[in-house]
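User: Could you take a close look at one part of this model for me, the parallel sheet, and then walk me outward to what surrounds it? I would enjoy a connected account rather than a list.

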Amino acid sequence: MAAPQSILRNVIWLDQPMDLLIDQGTIMGLVPVDQGREITPLERDMDGQGAWLLPSLIDAHVHLREPGQEYKETIATGLQAALGGGFGQVMCMANTDPVNDHAQVTEYILETAMKTHPMGPRVRPVGALTKGLAGKELAPMAELARAGCVAFSNDGVPVGDNDLFRRSMEYAADLGLKVIDHCEDPTLSGHGVMNEGVLSGQLGLKGSPWVAETLHVARDIMLAEYLNIPVHLAHISCKESVEQILVAKEKGLPVTAETCAHYLVWDETMVQGYNFLAKVHPPLRTREDVMALRRAVKEGVIDILVTDHAPHADFEKETTMDEAPNGISGLDTALSLYASLVRDKVLTREDIVTRCALRPAEIFNLEVNRFAPGNRADFVLFDPDHAWIVEPSTMLSKGKNTPCMGTTLLGKVIAHYLKGQLAYTL
Amino acid sequence: MQWNHKDLLDIDQLNREEIGYVFQVADRFVEVNKRPVKKVPVLKGKSVVLFFAEPSTRTKTSFDIAGKRLSADTFSLTKTGSSLQKGETLKDTALTLQAMSPDAIVLRHWSSGAASFLAQRLECSIINAGDGRHAHPSQALLDGFTLRQVWGDDFGGKTVLILGDIAHSRVARSDIRLLTMLGAKVRLCAPRTLLPSGVRTWPVTVGHDLAKACRGVDAIICLRLQLERQKAGLLPDLREYAKTYGLNDSHLEKAAPDVRIMHPGPINRGIEISSALADAPGSLVLDQVTSGVAVRMALLYLYLTRTISV
Ligand SMILES: [Zn+2]
């Protein structure tokens, strides 16, 4: 082995203390800690002090708001939040203004990201499935793919037309790219602002029932089976959807799924007192759903974890449940929330690596650091004991809309390296 | 009794004793309202903003009269025809209202939770005059007060049927809380499409057959049916609704002999209730209106002269 350029000593990889050897922005090796190891001369010799070592994470579902709604978030602020949150690649949804349904928008997103964050994180645009997300005509998916889109989705605006949805899966398959579906039957969900159930009845809020989601989960699974074309199911929120996905996987169907930090941590009782910060789409569901989702993530029925980062301006969110827009700003807090699940023995560090990096890379065919020699040295150092208060000044995203605003979380990214270079430090 | 509540958002903020006290104070104002000069100076110099973001002539007039009879200055703001119209956020509305330094705001809003939103942000008292489908506490108090005038203080052993569109009704939600707190049994009757989700967990019995539901009841509260429910696919048509869930004479034969009939108004005659029944001797519909002024006087009095500010 040639001499590495630098060494990062004493970091916890999965459950082992390790030393990480890096050269010219690539991994040379990840080897058990050896106090006596002498590698000289080194440009840098750093002590990781027992922080968790993670590959730079992939968030397959974010909203960056630019172009069009820069007052909520810009590509620059969104990527900064990603960097600080431990994400080296983010897949941004198409519901910008204009919608990302033609190459110029894709190019604009990629160029703006390059300009503001030349070292990364990388933005991986998700193109619109239908023109203007209107659910009427297919978007020019080949053009979007050529411009750099890595998947297609009508996220936020579910496609009610089953035949059109089928055609979109077929067309995307020719391009070798996946369709990500926001599963919701819009005729059943109506304009629900929280989970339909006992609590919505008490609060007098319009509810959105789980069956609105699960019906489209079932539709997509059947189409995937019938067409033998993969489909990826976005932000799964309830037990019944998990049951459908489990059956699909047992049959060996090409179905993958994601859920979000917020569905694993909070339930519908968060909206008590008409808490607009807990209004999200699909809604937070019951404790039973939370427990089912946790099991599904653990067992791999849910393949990946995403944030569905949905920043909004305070003046929009701060109103009644009916009027507040849907969404939680998630990039800043996701990893801390996952770490809380590790602390509670719901997940392991390995689960985080798998669900937030390795699996998303497989599903969307993205590069990822597996700490194998020759991999890009994109990695995160995470201090699980670092306590921080979630407040506007500690969040890098412009969107301060999170139900954990004002609370103390444990665990924070203390450094984020991209290509072996320090791109972010706390 | 010291009144130390800042806001009236829903009935569940009050205990039974406090509700009794509201009724006692309202009794005094019933007497005032019978005088040739129906005005007392107890709230002189106090200002009450009537902010009705959703139209309601009835409740607004009732609060307006209540305020004026107590010598408070009342100011009306409506969503239309004011600066509050064009895309202004509820937060800005709150700040605008605050800047007027009222002593109380009587709020009607189409959104559940709007009253608690303002209450958390403003120093003055917020009296919820109906927020979305959530709560309408002054209506519940006047319903309870009206029945108390007939039954006295003992609601135990009484059964009240609430009939109609429970799902969308803030009146029903507040009435159920109040009546069960006072010791009455509550029964609901509606097609399933007009029942709220989770109603089986409520402290009520639920049925879909009106004739059965009327059996032995001491009072029937008919709810107003918003006619657009049919277009929303919750009902086949109004004629069928009237035939199946409209209250008529035949139902009353099943009820207790001196059954009372109530309706928060305005009535769709011939739909929720036959026209004759609305005017029948057992009807308390006009008593509710009269009680409404006295109860709202009591509320304004208590909330505007509260001794402890929270
Ligand atoms: Zn979505």
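Analyst: Happy to; what follows starts at the sheet and then moves outward to the loops, helices and hairpins of the chain, with a short visit to chain B. Please keep in mind that this is a predicted model.

The sheet in chain A is an open one of eight strands, with parallel pairing and the order 6-7-8-9-10-13-14-15. Its edges are strand 6 (57–62) and strand 15 (304–306) of chain A; each has a single partner strand, so one side of each is left without a neighbour in the sheet. From one strand to the next, the twist averages 30°.

Let us zoom in on one pairing. Strand 7 (residues 87–92) and strand 8 (residues 122–128) of chain A run parallel and are joined by four bridges. Within this pairing, Met91(A) stands opposite Arg124(A) of strand 8. Helix 1 (residues 75–85) of chain A packs on the sheet here, touching strand 7 and strand 8. The direction of helix 1 makes about 140° with that of strand 7. A further helix that packs on the sheet is helix 4 (residues 162–174) of chain A, which touches strand 9 (151–153), strand 10 (178–181) and strand 13 (231–233). The direction of helix 4 makes about 145° with that of strand 10.

The loops that leave strands 6 and 7 deserve a stop as well. In the loop between strand 6 and helix 1 of chain A sits Pro67(A), and the peptide bond leading to Pro67(A) from Glu66(A) is cis, with omega near 5°. Pro98(A) lies in the loop between strand 7 and helix 2 (103–116) of chain A. A cis peptide bond joins Pro98(A) to Asp97(A), with omega about 5°.

Before strand 6 in the chain numbering come some antiparallel strands. Strand 1 (residues 6–13) and strand 2 (residues 16–23) of chain A pair in the antiparallel sense over six bridges, and Ile12(A) stands opposite Pro17(A) of strand 2. Their hairpin has two residues between the strands, and Leu14(A) takes a positive phi near 55° there. Strand 2 also pairs with strand 3 (residues 26–32) of chain A, antiparallel and over six bridges. In strand 3, Val31(A) is the bridge partner of Asp19(A). This hairpin too has two residues between its strands, and Gln24(A) in the turn has a positive phi of about 50°. Another positive phi, near 55°, belongs to Gln49(A), a residue other than glycine. Gln49(A) lies in the loop between strand 4 (44–47) and strand 5 (52–55) of chain A. With a relative accessible area of 65%, over the 50% cut-off, Gln49(A) is exposed.

On the surface there is a nonpolar patch of about 320 Å², made by Leu188(A), Trp210(A), Val211(A) and Leu215(A). Helix 7 (residues 210–227) of chain A supplies the largest share of this patch, three residues. Leu188(A) belongs to helix 5 (residues 186–189) of chain A and is partly exposed, at a relative accessible area of 38%.

Helix 12 (residues 334–343) of chain A is mostly covered, with nine of its 10 residues buried. Among the buried ones are Leu335(A), Leu337(A), Tyr338(A) and Leu341(A). Just after helix 12, Lys345(A) takes a positive phi of about 65°.

Further along, His386(A) lies in strand 16 (residues 379–389) of chain A and counts as partly exposed at 26% relative accessibility. His386(A) and Leu410(A) are 24 residues apart in sequence, yet their C-alpha atoms are 5.5 Å apart in space. Leaving out residues up to four places away in sequence, His386(A) touches Leu409(A), Leu410(A), Gly411(A), Lys412(A) and Leu426(A).

Lastly, a look at chain B. Leu284(B) lies in the loop between helix 10 (275–279) and helix 11 (285–304) of chain B, and is buried with a relative accessible area of 4%. Beyond its neighbours within four places in sequence, Leu284(B) is in contact with residues including Thr146(B), Leu147(B) and Met262(B). Ser71(B), in the loop between helix 2 (57–69) and strand 2 (73–78) of chain B, has a positive phi near 70°. At 15% relative accessibility, Ser71(B) counts as buried.

Methods: Residues are numbered from 1 along each chain as its sequence is written. Chains are lettered from A and ligands numbered from 1 in the order in which they are written. This is a predicted model: local features need pLDDT of at least 70, side-chain atom pairs count only at pLDDT 80 or more; totals for chains, interfaces and linings use all residues. Side-chain values use heavy atoms; hydrogens and water are left out. Patches are made of residues with over 30% relative accessible area and no salt bridge: like charges are joined within 9 Å, nonpolar side chains (Val, Leu, Ile, Met, Phe, Trp, Tyr) within 5 Å. Accessible areas come from the Shrake-Rupley method with a 1.4 Å probe; for residues, only the protein chains shown count as cover. A salt bridge is a side-chain nitrogen of Lys or Arg within 4 Å of a carboxyl oxygen of Asp or Glu. Buried means under 20% relative accessible area, exposed over 50%, partly exposed in between (1.4 Å probe, protein chains only). Two strands pair if DSSP finds at least two bridges between them. Axes are lines fitted to C-alpha atoms, for helices over the stretch in contact, and angles run from 0 to 180 degrees between N-to-C directions. Contact means heavy atoms within 4.5 Å.
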